[in-house]
Amino acid sequence: MPSKTPHNNAAKDGDDSMTVVVPPSKSSKQPAPSTDAEGDVAMDVDKTEEEKVDPAVQAVADIKANFALLDRAVALFDARFSLRALRSISLIRKHLSPDVIAQAIADTFPATSASGSIAKSLLAAVGREDVALGRAAGAEMEVDSDAKAAKNGTSKKEVKEIIPEIDVFLGILVQVYLFDAKKYQQGADFSKYLSDRIQTLNRRTLDCLSAKVYFYFSLFCEYIVPLPPSPESPIVAIRPTLLAVLRTAVLRKDTDTQASVIVLLLRNYLLTSHIKQADLLVSHTQFPENAANNQVARFLYYLGRIRAIQLRYTEAHEHLTAATRKAPSSGCAVGFSQTATKLLLVVELLMGDIPDRATFRQPSLEDALHPYFLLVRAVRVGNLEDFETTIADNADIFKRDGTYTLILRLRQNVIKTGIRMMSLSYSRISLRDICIRLHLGSEESAEYIVAKAIRDGVIEATLDREKGFMKSKEVGDVYATREPGEAFHDRIRACLALHDESVKAMRFPMNQHRLELKNAQEAREREREMAKEIQEGDLDDDDLGGDLDGM
Amino acid sequence: MADRGLSQILAQLKQSPQMSYPEASALLSKAKLILLSLNALTPTPSTPSNLLALARETYEQGALFSIRAKNADAFTRYVQQLQPFYELPSATLPPNLPERNRVTGLSLLLLLTQGRYAEFHSELESLANRDGGGADVEGDRYLGYPVRLERWLMEGSYDRVWKAMKSSEVPCDEYSVFSEILKNQIRSEIASSSERAYPSLPISSTKSLLFLNSEGDVIQFAKHRGWLVKEGHIYFPNTAAEGSEDGVYVKDMSQMIMENTLGYARELETIV
């Protein structure tokens, strides 16, 4: 369905390039002088300001440009168009103001329509109740857009009723605006109203929009005093709502909402440190397999966090590695990758591994990870004193990151590393020396600790109780063990999994195979004809070559 | 009327902690019946705060009595019932920190002795964030105790654990209930690490190593673990087991390599 679609972010999704004819102009602030479709809409709104386009007007135009996408999403039943509309919010966001939203609403909703009350409540939320609906400009715009629609062949003559997608989209814009303006209480109230409204609608094309609505709803609640982790925070109160939404989403097989609400609930529980509830939620729900990548990354992060607290480090490590890898590599989600990397580092340390130094050198992470770098250094050397001072110096940072209690568990790892270093460097060392170097309380403590380290397989050594020393065994050749084989196997498996995932992630345009079938059918027929002609003997080699090319 | 009866029962329970468990539980069930009639078994928004405080106290007393009677199940039940009360905002129900921490500390210790480390740490995490994250868990008399014990157990400073279980270090009587369990636990921990760490041990020093009272106890313990006692030394039977393991290991490894290689071949086939 090729058409001239006004939108700004075709560059972001290459997969639908077949629908795009107009080359996308990336910046919404500086539109190309009104030759492309974007400019068309802007002109319709305000013809006098053709040359220097006011950002507000441009924003209104951008908003309305998205309505076409939503219309198409509904008409074609393809969520990708709605997603594209949602992605453009980040561009519109900078120019959002009550006036812009009010104008967009006023232009969209005809005054007499049944959905007038919806428009009124949207206007009330931004404090512009007095704006009249369905102004002249709006009518004019509609006519124009109709003309355009006819021209483009999408052929939707009369927009009689505003589709719910559009009003929910406007609702999301209102939410974004209220959030940016820090009107959290108002935002929460409005979100409550909006989510109630969504629940009455049962439209699959609304799915990804409603996921967004709940996201902002929960975000507003997080920012209202008393802030979490206080048990009085409103986030505790919205749990029943979210759980109900989750149930509905599961029943409707609405994967977008399902994924996003599960993630929200997990975040909600973890904010108030209800680990047990979060764990139960994970064990009783199934995270949708084909959820959006970002939701998967978030889910894996929270899952990793729960597992780390429960001392299931291997699982935690797996989840967190996946989360950091799934995090968008561009600069837009630095915060997420920082947080996930921090947790991953601590878990790696807890597992007894030393994280790669390269991790700390990435420019986007370097500063944020500095305290962790110091920590890793202390653990690597096995210096208990350094370790304690690092914790004491950075306690506030670790507490804010929520890694403090995990880091406190590291003490035993520091001791173990210390013992390992000593066992590697000395073939025989007295317990007294171990005790002094590791700053342990007493010789007896040292003896028990070393004995435990031997049992846990940290070192290969024996103790002599009468003479009070530790004797290290000869270190075996690592290559004689199964270790290299296992490491190799792990890597191969990772590569194979990557291959499988990429195959699964490939998307094919709908109904394309029918086209191919048709082509194949035609080709077969042509072949048959050719065979006939060859039989009849009136076809020479040139013809044959030409025909094959034409195929 | 009814709540006066309740406070009387509570006063009675508090005055005589030595009361036998059957007696106490009879009183407790009476108290719970009163709570039921007042509709205050679980906190609801409409419950008046003095009733909430009474209900909380009932459960706390119940928890303490059941731990004194070493009834872990009953104790866990009381702790679960207390959770909603502890979650209440301080405006509705002013918190009674010493009692709350005492009960929470006990429940932590219970998790520790039962080896439920995952739950122990989940609980600890929520404690660290309680009251807006300002709570000093380690500094608290009741809460710090299980936290320290866990750390020492993890790093292997068993002698410190041993010292901490001496009566002077235990924060209150109820905590010593767990000492016996913990003693056995660390003894078996020490025994299993000694098996790997020492080629042999003289009996005399094993006594102090395992915190046993006499050499006779040592020999009994050694028999129980299946150790050999010869000429005043203890030998650990482990060399025989390792030899047979080696054969299995080699066989395992070659089979594993074959399986892996076949797997790669199959995967390659699907890709190419």
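**Close-up views of a predicted two-chain model**

**View 1. Three strands of chain B form an open sheet in the order β1-β3-β2, with antiparallel pairing.** Strands are DSSP runs of E of at least two residues, helices are runs of H or I of at least four residues, and both are numbered from the N terminus; two strands pair if DSSP finds at least two bridges between them. Strands β1 (200-202) and β2 (228-230) of chain B occupy the edges with a single partner strand each, so one side of each has no neighbour in the sheet. From one strand to the next, the twist averages 30°, as an angle from 0 to 180 degrees between the N-to-C directions of axes fitted to C-alpha atoms. The model is predicted: local features require pLDDT of at least 70 and side-chain atom pairs count only at pLDDT 80 or more, whereas totals for chains, interfaces and linings use all residues. Residues are numbered from 1 along each chain as its sequence is written, and chains are lettered from A and ligands numbered from 1 in the order in which they are written.

**View 2. Strands β2(B) and β3 (residues 233-235) of chain B run antiparallel and are joined by three bridges.** B:Leu228 has B:Tyr235 in β3(B) as its bridge partner.

**View 3. Helix α18 (residues 370-381) of chain A comprises twelve residues.** At 1.5 Å a residue, the expected span is 16 Å, which agrees with the 17 Å between its end C-alpha atoms; the expected span is 1.5 Å times one less than the number of residues. Its buried residues are A:Pro371, A:Tyr372, A:Leu375, A:Val376, A:Ala378 and A:Val379, a residue being buried if 20 or more other C-beta atoms, placed from the backbone, lie within 10 Å of its own. Seen down the axis of α18(A), these residues fall within an arc of 160° and therefore line one face of the helix; the arc is that of the directions from the helix axis to the C-beta atoms. Their cover includes α17 (334-350), α19 (384-401), α20 (404-408) and α21 (411-425) of chain A. A:Gly382, with a positive phi near 80°, follows α18(A).

**View 4. Chain A contributes 36 residues and chain B 38 residues to the contact between them.** Residues are in contact if their C-beta atoms, placed from the backbone, lie within 7 Å. On the side of chain A that touches chain B, two or more residues come from each of α14 (275-284), α21, α23 (443-455), β2 (461-464) and α24 (483-505) of chain A. Helix α23(A) gives the largest share, eight residues.

Definitions and conventions
Buried ≥ 20, exposed ≤ 12 C-beta atoms within 10 Å, placed from the backbone. Contact = placed C-beta atoms within 7 Å.
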